[in-house]
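Here are a few exercises to work through with the model open beside you. Try each task before reading its solution.

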Amino acid sequence: MTSVLAYAAAALVALWGVAHAIPTRQVIAGFGPIEPDNRRIVTQEWLAEAFTMWGLAAIVVAATLAGSQTSVAAWVYRAGAGLLVGLAVLTAMTGARTSVIWFKICPVLLTTSAVMLIIASFL
């Protein structure tokens, strides 16, 4: 059950990272005309969240493959959950306060993944 929860959380986070990366051009276009440097910074930050999610998913998968029943894996899951909760809080205080539905879904999705990892860390 530990591995199932860890893999499910990793898959959910990785897919949400893909969901961030795919619409990057449309998101940037939504800002209207902005200076090229500002466009690059917004693009960087938008993609940085996707890379963070992919990296976290990869670390969780690696820890699970190495042995989900080890204390190291449990602490990797807990640290990953902490990062996900931090991103969820950040999103809840910023993007989720807009009218964009995807930003409102993000904190729920990230928190759900964090809960799965916390449960997995104690099994």
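**Exercise 1. Find the residues with the most contacts inside the largest nonpolar core, and say which helices supply it.**

Solution. Start with the core itself: it has 24 residues, and those with the most contacts inside it are Trp-16, Val-60, Tyr-77, Leu-84, Leu-110 and Leu-117. Next, ask where the residues come from: α1, α3 (36–67), α4 (71–93) and α5 (101–122) each supply at least two of them. The top contributor is α5, with 7 residues.

A word on terms. A nonpolar core is a set of buried Ala, Val, Leu, Ile, Met, Phe, Trp, Tyr and Cys residues joined through side-chain atoms within 4.5 Å. Buried means under 20% relative accessible area, exposed over 50%, and partly exposed in between (1.4 Å probe, protein chains only). Helices are DSSP runs of H or I with at least four residues, numbered from the N terminus.

And a word on the model: it is predicted, so local features need pLDDT of at least 70 and side-chain atom pairs count only at pLDDT 80 or more, while totals for chains, interfaces and linings use all residues. Residues are numbered from 1 along each chain as its sequence is written, and side-chain values use heavy atoms, with hydrogens and water left out.

**Exercise 2. List what Leu-117 touches, leaving out residues up to four places away in sequence.**

Solution. Contact means heavy atoms within 4.5 Å. With that cut-off, Leu-117 touches Ala-6, Ala-9, Val-60, Tyr-77, Gly-80, Ala-81 and Leu-84. Now go to one of these partners, Ala-6, which is found in helix α1. Ala-6 is buried, at a relative accessible area of 0%. Its own contacts, again not counting residues up to four places away in sequence, are Val-60, Thr-64, Tyr-77, Leu-117 and Ala-120.

**Exercise 3. Work out how α1 and α5 pack.**

Solution. Two packed helices are described by the angle between their axes and the distance between the axes. Here the angle is about 160 degrees and the axes are 8 Å apart. Axes are lines fitted to C-alpha atoms, for helices over the stretch in contact, and angles run from 0 to 180 degrees between N-to-C directions. Angles under 35 degrees count as roughly parallel, over 145 as roughly antiparallel, 65 to 115 as roughly perpendicular and the rest as oblique. So α1 and α5 are roughly antiparallel.

Last step, the partners: residues of α1 including Leu-5, Leu-12 and Trp-16 meet residues of α5 including Ile-105, Leu-109 and Met-116.

**Exercise 4. Do the same for α3 and α4.**

Solution. The axes come within 9 Å and cross at roughly 160 degrees, so α3 and α4 are roughly antiparallel too. Among the residues that meet are Leu-56, Ile-59 and Ala-63 in α3, and Val-76, Gly-80 and Leu-87 in α4.

**Exercise 5. Are Thr-2 and Thr-24 buried or exposed, and what polar partners do they have?**

Solution. Take Thr-2, in α1 (residues 2–21), to begin with. Thr-2 is buried, with a relative accessible area of 4%. Its side chain makes a polar contact with the side chain of Gln-69 (3.5 Å). Such a contact is a pair of N or O atoms within 3.5 Å; within protein, one must be able to donate a hydrogen and the other to accept it, and residues adjacent in sequence count only if both atoms are side-chain atoms.

Then Thr-24, in α2 (residues 24–29). Thr-24 counts as buried, at 8% relative accessibility. A polar atom of its side chain lies 2.8 Å from the backbone oxygen of Ala-21.

Definitions and conventions. Helices (H or I, at least four residues) and strands (E, at least two) are DSSP runs, numbered from the N terminus.
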